[in-house]
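Work through the exercises below with the sequence and the model open beside you. Try each task before you read its solution.

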Amino acid sequence: MTAPPPGPIGFRTIGYRTACAHEAIRRIAAAGYDGVEVCLEHPGLEPEALDEARCAELGQVAADAGITLATVSYHGDRDPLDMRWRRALRAIELTPACGCDVLIINAPRPGPDAPADLEAQFERQLAAQVERAEAVGVTLALEPEPGLLVHGCADMRALIDRMESRALAVNLDIGHAFLTDDDLSAAIAMLGERIVAAHFEDIAGGVHRHLVPGEGEMDLPRVLADLRATGFDGWLTVDLFDIADAPDEAARASLQYIRRLVAG
């Protein structure tokens, strides 16, 4: 089975975390991508370190390189909760200044060191984030991830139904869903038209380690076909974060695989 990608193809700046953001954008463009996802955990791009002028500059760097600044993401995995909540709200405010209307976020991780009211905190803060997103015209694309409060696609579907806001949607990381959901095709269909962005990589051995597409065991042609069946035509963004030693090689290999997949 072969299928064209549902939409344009991007790459995340965090794969180039040892480079400054401007260099990362230019190298992603040089690798042949249509767009870039600016990650606000990239060194120097923390939300409180940015203002609207710097965000506009990032968009201009992308435009000058011939690509689109497609999406913005903020994953506060290593941030204390108070900082995480502040940074998420600031990231929402900065997203339009980047020329984008989709901000990708995730949920915190439960565990013995987490506060007892973590789930209640998260839902209160998410409600505030959704309200802010509605006010500034941003869609929050929440990304289910193994081990987090929003762990799998069923968790995500239930959260969408509870929140009842069109400003809350899904960034489907296909590798995450492969690990958390027994039937990936059914999971994609369940989230359906609420998927507004997708992260793309491969997985092997049931281990949460993002691999260059084609180096794992996922049925990636089927995944693309399932995404297209939902009507999804958003950004398909390669998500590789453990490639700092050779990011250009990984970026080019990923894009070459996707192009071969499309060519059949």
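The exercises that follow move from the whole chain to its strands and then to single residues.

This is a predicted model, in which local features need pLDDT of at least 70 and side-chain atom pairs count only at pLDDT 80 or more, while totals for chains, interfaces and linings use all residues. Residues are numbered from 1 along each chain as its sequence is written, and side-chain values use heavy atoms, with hydrogens and water left out.

**Exercise 1. The whole chain**

Task: Describe the overall make-up and dimensions of the protein.

Solution. Begin with the secondary structure: the protein has nine helices and eight strands, where helices (H or I, at least four residues) and strands (E, at least two) are DSSP runs numbered from the N terminus. Next, consider the dimensions, for the C-alpha trace spans about 50 × 45 × 35 Å along its principal axes. Then compare the radius of gyration, taken over C-alpha atoms, with the globule rule of 2.2 Å times the number of residues to the power 0.38: a compact globule of 264 residues would have a value near 18 Å, and the 17 Å of the protein agrees with this. Finally, look at burial, where buried means under 20% relative accessible area, exposed over 50%, and partly exposed in between (1.4 Å probe, protein chains only). Of the 264 residues, 55% are buried.

**Exercise 2. The barrel**

Task: Work out how the strands are arranged, and how β1 and β2 fit into that arrangement.

Solution. The first step is the order of the strands: eight of them form a closed barrel that runs β1-β2-β3-β4-β5-β6-β7-β8, with parallel pairing. Neighbouring strands of this sheet are turned by 30° against each other on average, with direction ignored; the axes behind such angles are lines fitted to C-alpha atoms, for helices over the stretch in contact, and angles run from 0 to 180 degrees between N-to-C directions. Strands of a sheet pair through backbone hydrogen bonds, either parallel or antiparallel. Two strands count as paired here if DSSP finds at least two bridges between them.

The second step is to follow the bridges from β1 (residues 9-12). Three bridges join β1 to β8, and three bridges join β1 to β2, again in the parallel sense. F11 has V238 as its bridge partner in β8 and V36 as its bridge partner in β2. Moving on, β2 (residues 35-39) is joined to β3 (residues 68-73) by five bridges. G35 of β2 stands opposite G10, and G35 also stands opposite T68 in β3.

The third step concerns the side chains. In a regular strand they alternate between the two faces of the sheet. From β1, I9 and F11 point one way and G10 and R12 the other way, and all are buried. From β2, G35, E37 and C39 point one way and V36 and V38 the other. Five of the five residues of β2 are buried, so this strand is largely enclosed by the rest of the structure.

**Exercise 3. From β6 to β8**

Task: Which strands does β7 pair with, and what does L172 touch?

Solution. Start with β7 (195-200), in which five of the six residues are buried. Four bridges join β6 to β7, and N171 stands opposite A197 in β7. Four bridges also join β7 to β8 (residues 235-238), where T237 is the bridge partner of H199.

Now turn to L172, using contact in the sense of heavy atoms within 4.5 Å. Leaving aside residues up to four places away in sequence, L172 touches C153, A177, I188, L191, I195, A197, A198, H199 and L227.

**Exercise 4. Two loop residues**

Task: Are E164 and R209 buried, partly exposed or exposed?

Solution. E164 is found in the loop between α5 (153-163) and β6 (168-173), and its relative accessible area of 71% makes it exposed. The phi of E164 is near 55°, a positive value in a residue other than glycine. Most residues other than glycine have a negative phi.

R209 lies in the loop between β7 and α8 (220-229), and R209 is partly exposed because its relative accessible area is 48%. Although R209 and G175 are 34 residues apart in sequence, their C-alpha atoms are 8.7 Å apart. Among residues beyond four places away in sequence, R209 touches D202, I203 and D242.
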